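Q: Please take a close look at one part for me, the core, and connect it to the rest of the model. I would like the cut-offs spelled out as you go.

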Amino acid sequence: MAVSLGPNASSAGRRRADLLFQAVALVVLAVALGALAVLVGTVWRDGANRLDWQFLTSFPSRRAESAGIYHAIVGSLYVIALTAAMALPVGVAAATYLEEYGGRSRLARFIELNIANLAAVPSIIYGLLGLGLFVRTMAMGRSVLAGAATLALLALPVVILSTREALRTVPSSIREGSYALGATKWQTIWHQVLPMAVPGILTGLILALSRAIGETAPLITIGALTYIPFAPDSIWSAFTVLPIQIFNWVSRPQAAFKDNAAAGILVLLALLLTMNAIAIVLRDRYQRKGRP
Amino acid sequence: MSLRRGERAIEALLFLCALASVGTTAGIIVVLAVETFAFFGEVSIVEFLTGTEWTPLFATKHFGVLPLLLGTTVVSVIALVVAVPTGLLSAIYLSEYAPERVRRVVKPVLEILAGVPTVVYGYFALTFVTPLLQQWLPGLSGFNALSPGIVMGLMILPLVSSLSEDAMRAVPRGLREGAYALGATRMQTALQVVVPAAFSGITAAVILAASRAIGETMIVAIAAGQQPRFTANPFVPIETMTAYIVQVSLGDTPQGTLEYRTIFAVGMLLFLMTFALNLLSSWLRARFREEYN
């Protein structure tokens, strides 16, 4: 590659250009991070006043001042717990197969390519899949179960990818030591490899779930309702979740409902922050443990 | 003996779970294809792909998807115009200039931008960015393509930045040292050696960002409006493919009707577009990895 410096490129001029370039890059970064601050600031300004005990414990209402978000919080937690219960075992099993058994077979590589592609499929497409498969064909209706199954499919690629990474960090000497003691392959995986990978797997799971808990489009597509005056009490209940309730309030023309939306966003962000904090703590413990 | 059979059974079970991912892809294709074929039994595929009027919910129905396609394109292009230069600049800075301490702070904060739920971005676009833009552009409607486009750019910036940075950091040190030895500054090295060397990796990042922008739903459903117009004007309300699917899903459209099938036909088009972009992106990334490993 030819580096043309130009005929008049004086050394001082080039150094000035270098500094200028660096300054521009820093400004761009500052603007992007500043936008994040403005976003949080705007939501806080609009929603902080609405955020009180009444808001957290009330059901939706036609009047913005007496509306609350209790049903949506319970709905979100319900759906996410079920999503985790479905995505974790299947995801870990799939990752274990690909990492410990699959090797470099052509089929394993095809599955890998497929997972990488699934991770980039728009979430609303998963919603259409959930609508066609779970809601209609399997006749689950617009239930918590159908919503969680849809989000579990959405979370699966992330769980698989992060579990594989966690399995890869387990040193092979652990496996060899276990084999040397006469353990079978599965005994080695179950008693040695997986326990060592647990913090990494959990970190990945939480990251996948924190993406799922913010998802709106796939749940709207499967027909989760926007007006539910009760909290779900079984996996067959109709339900709504925080993002859908927020979307519902944003879509109304009255300003008072927009403030409710902002307060709802604060609740959602607090939930996300908590989940990410747990993930960071886990990763921290994991890294310290991983070091010999 | 039974121990070995148990081992086999477990391996088979794990394999089935791995196959579930292939099943998901197959499920997506089958569900979309079944309803799409039914849709094209009633509407000509030529009208769908070339018509410039989209009014399936009106009394006089037209099924030309071009207005939705153009709406999606306009918003995505605006998002890329915002995200590509800024994402590339921050990638160059983080890869070639930033001290390790700065990188370790800035990268996770940038990642937060990607982790914010899209419904939050929608709120931000509608209640903050649009009013702000209206002060400078008095002709701007309350719903428009510009504001969600800009906000979407902010959302995909971390994707462009972190994937491009990965590509640049994979460029061998020797190339940089060669440029320095010839008297090049860091900027000249970055722009004339590192970026061209990482070009296929950077292109892969941009393509993946485009795919993300095309499939993004809530920002446009909230802030772009629900008026499928065949226009490239970013100041007026439009509708994207994803926003249309949301609009129909919010209503109570019974299964088996033509309106119900339109969302699968639009979904199929969306899936094919993003699928092609994702494949192209992973192909480019694989090629880039081969170049330097």
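A: Helices (H or I, at least four residues) and strands (E, at least two) are taken as DSSP runs, numbered from the N terminus. On that basis chain B has twelve helices and zero strands, while chain A has eleven helices and zero strands. Please keep in mind that this is a predicted model: local features need pLDDT of at least 70, side-chain atom pairs count only at pLDDT 80 or more, and totals for chains, interfaces and linings use all residues. Residues are numbered from 1 along each chain as its sequence is written, and chains are lettered from A and ligands numbered from 1 in the order in which they are written.

Now to the core itself. A nonpolar core is a set of buried Ala, Val, Leu, Ile, Met, Phe, Trp, Tyr and Cys residues joined through C-beta atoms within 7 Å. Buried means that 20 or more other C-beta atoms lie within 10 Å of a residue's own (exposed is 12 or fewer, partly exposed is in between), with C-beta atoms placed from the backbone. The largest such core holds 187 residues, and the members that touch the most others are A:Ala155, B:Val160 and B:Ala209. Helix H3 (residues 66-97) of chain B gives the largest share of this core, 17 residues. Because domain 1 (12-50) and domain 2 (55-290) of chain A both contribute residues, the core lies between them; the bounds come from an automatic or database domain assignment.

Let's zoom in on A:Ala155. Two residues are in contact if their C-beta atoms, placed from the backbone, lie within 7 Å. Leaving aside neighbours within four places in sequence, A:Ala155 is in contact with A:Thr83, A:Ala87, A:Ala208, A:Leu209 and A:Ala212.

Helix H9 (residues 199-215) of chain B also deserves a look. Of the 17 residues of H9(B), 14 are buried, so this helix is largely enclosed by the rest of the structure. With the expected span set at 1.5 Å times one less than the number of residues, H9 of chain B should cover 24 Å, and its end C-alpha atoms being 25 Å apart agrees with that.

Back to the two domains of chain A. Their C-alpha centres lie 31 Å apart, and six residues of domain 1 are in contact with eight residues of domain 2. On the domain 1 side, the touching residues divide into three nonpolar, one polar and two charged (Ala, Val, Leu, Ile, Met, Phe, Trp, Tyr, Cys and Pro count as nonpolar, Asp, Glu, Lys and Arg as charged, and the others, Gly among them, as polar).

Then there is the meeting of the chains, where 65 residues of chain A are in contact with 75 residues of chain B. Helix H1 (residues 11-47) of chain A supplies the largest share of the chain A side, 17 residues. That side is made up of 46 nonpolar, 13 polar and six charged residues.

For the wider setting, 46% of the 292 residues of chain A count as buried, and 52% of the 293 residues of chain B do. In chain A, 76% of the contacts with a separation of 6 or more join residues 24 or more positions apart. Along the principal axes, the C-alpha atoms of chain A fill a box of roughly 70 × 65 × 35 Å, and the C-alpha trace of chain B spans about 80 × 70 × 35 Å.
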